[in-house]
Each structure stands twice: as C-alpha cells, then as structure tokens.
Amino acid sequence: MEAEMIAVQRLFGFSDQDLASINKLIPQLSSSALLHTTETLEKVLKQEHHHIFVARDNSPEGGGKIVGMAAIFFEDRLEGWLGEIHSVAVDSAYRGRHIGDQITSQLVADGRLKAQKEKRNIVVYLTCKPERVAANRMYRKYGFEPAAKAIPMRDPWTRKVLRDPVTGKTRYKGTNLYRKLFQP
Ligand SMILES: CC(C)(COP(=O)(O)OP(=O)(O)OC[C@H]1O[C@@H](n2cnc3c(N)ncnc32)[C@H](O)[C@@H]1OP(=O)(O)O)[C@@H](O)C(=O)NCCC(=O)NCCS
C-alpha cells in the first residue's frame, strides 16, 4: 500500500463504521478498557483540549476506514501547561507500514502548534510499558526523552530477574515515562 493512501487527521465527528474501527483498536491497547458507544465517544470529542487523531486507509480497498489512532490532551495548570499522549495504536494488520510514524509526527506537530497558540512551554508526557518494544523505539525516535524507567522484578531471595513462565519475558514493576518539551 502506498504511504499516501494513509491519511492522519484530527477526528471531529464519526460514523458508525468509525466507531466500530475505534472499538476494534481499543482491545489492542488494553484488554480491560470498555468499548465506546456513540454517546461516550461524542463526550470525548467535545472536550476542547482533548485532540483525537485517526489514520484512515484511503485506498480503494480500505474505503477510508480507521486503522490507527492516538490522543493528546492538554491541561492549563497553575504551574504551566501539561500535555499527555494516550491511546496510540495501529491495527495489527497494518503495523510496520509507517502508520505509527505518521501518527507520532502528527502528535508532535500538534504539541508544537498548541505551544505556539498558547504562547507557553508545554511538557508532554507519555507512559509506555517496556514490553511494547516497537512503541518505545518509536517514541525515542521522535525525541521523547526517558524520564523514568520500569524496573525488572527480582526474586527477593536470589535477586534473579523474574520472567513470565509462559512467554519467558522479563516481568517489570511500573512503566516507562517519556517527556518532550514544546516551546512557542
Ligand atoms: C506501536 C505501534 C503504534 C507502531 O505502529 P506501526 O505503524 O507498526 O509503526 P511504524 O511502522 O510506523 O514504525 C515506527 C517505528 O516503530 C518502531 N517499530 C515498529 N515496528 C517494530 C518492531 N516490530 N520492532 C521494533 N521496533 C519497531 C521502529 O522504531 C519504527 O521506526 P523505524 O522503522 O524507522 O525503526 C504499533 O506497533 C501498535 O499499535 N502496537 C500495539 C499498541 C501499542 O503498543 N501502543 C503503544 C502504547 S504506549
């Protein structure tokens, strides 16, 4: 598929098909998150400082369906503006085609734009579990700096790193935290 067939845009309104696509992406982020209804998604979109971006497959086969998403929200705190990135996901059938790249560069552009609009510095944070290898690499590539790191869990007696008995992967306490500063 040509890269230009994928378009990343801010979501202001949605169709039933969009809602279904978003609900297909949510379990790819969290197995415990609730799916959206028309009412709950409308409520999310009404929040002024909460920007939702979606990647659409505009190829003839894709027909404009949503295949990726991300959210960034901004908060005007007493000690300065803060931003948080959440809900970054690309449908498993579409991964590895630079759609995550397109989404992340759109988030970075939005952070920059917001800092210019508010004429204030904005620190944008995001969390990412260490086992999400692709996502961790992607954020670092876009200049998100590690601010805190998840710690491997250890057996209290032997101090050996604990691994999942099924996958063999290291078990962690906490999550990785990244930050990026946007200036006007
Ligand atoms: C993270 C995610 C959004 C990346 O989307 P994607 O469209 O597959 O990513 P891209 O093809 O744009 O690749 C972007 C960068 O991600 C990293 N990456 C992508 N696939 C990777 C893989 N299999 N292994 C390691 N790094 C990978 C690379 O840094 C890559 O850039 P590079 O090719 O220049 O090295 C996608 O894998 C996803 O939805 N994962 C499940 C949900 C998730 O982990 N979300 C993040 C929550 S914090």
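**Exercise 1. Determine in which sense β4 and β5 pair, and by what route the chain passes from β4 to β5.**

*Solution.* Step 1. In this predicted model, four bridges link β4 to β5, and the pairing is parallel. Step 2. One position can be located within this pair: G83 lies opposite V124 of β5. Step 3. The chain leaves β4, passes through α3 and arrives at β5. This β-α-β crossover is right-handed.

**Exercise 2. Describe how β3 and β4 are joined and how they pair.**

*Solution.* Step 1. The connection is a hairpin, with two residues leading from β3 to β4. Step 2. The two strands are antiparallel and share nine bridges. Step 3. A position to locate in the structure is G68, which faces V90 in β4.

**Exercise 3. State the order of the strands in the open sheet, and explain why one side of β1 and of β6 is left without a neighbour.**

*Solution.* Step 1. As background, strands of a sheet pair through backbone hydrogen bonds, in either a parallel or an antiparallel arrangement. Step 2. The open sheet consists of seven strands, in the order β1-β2-β3-β4-β5-β9-β6, and its pairing is mixed. Step 3. β1 (6-10) and β6 (145-148) stand at the edges and have a single partner strand each, so one side of each has no neighbour in the sheet. Step 4. On average, neighbouring strands of the sheet are turned by 25° against each other, direction ignored. Step 5. At the β1 edge, β1 runs antiparallel to β2 (residues 50-57), and five bridges join the two. Within β2, F53 is the bridge partner of R10.

**Exercise 4. Identify the strands that α3 lies across, and give its angle to β3.**

*Solution.* Step 1. The strands crossed by α3 are β1, β2, β3 (65-77), β4, β5 (122-128) and β9 (176-182). Step 2. Relative to β3, α3 runs at about 25°.

**Exercise 5. Characterise the shell around the ligand: how many residues form it, which elements supply two or more of them, and how do the residues divide by type?**

*Solution.* Step 1. The ligand is surrounded by 20 residues, and the closest are R95, G100, A134, R137 and M138. Step 2. Two or more residues of the shell come from each of β4 (80-90), α3 (99-118) and α4 (133-141). Step 3. The most is given by α4, with six residues. Step 4. By type, the shell contains 10 nonpolar, four polar and six charged residues. Step 5. The results can now be linked: α3, a contributor to the shell, is also the helix of the crossover from β4 to β5.

How values were computed: Residues are numbered from 1 along each chain as its sequence is written. This is a predicted model: local features need pLDDT of at least 70, side-chain atom pairs count only at pLDDT 80 or more; totals for chains, interfaces and linings use all residues. A residue is near a molecule or strand if its C-beta atom, placed from the backbone, lies within 6 Å of it. Ala, Val, Leu, Ile, Met, Phe, Trp, Tyr, Cys and Pro count as nonpolar, Asp, Glu, Lys and Arg as charged, and the others, Gly among them, as polar. Two strands pair if DSSP finds at least two bridges between them. Axes are lines fitted to C-alpha atoms, for helices over the stretch in contact, and angles run from 0 to 180 degrees between N-to-C directions. Two residues are in contact if their C-beta atoms, placed from the backbone, lie within 7 Å. A crossover is right-handed if, with the strands pointing away from the viewer, the path from the first strand over the helix to the second runs clockwise.
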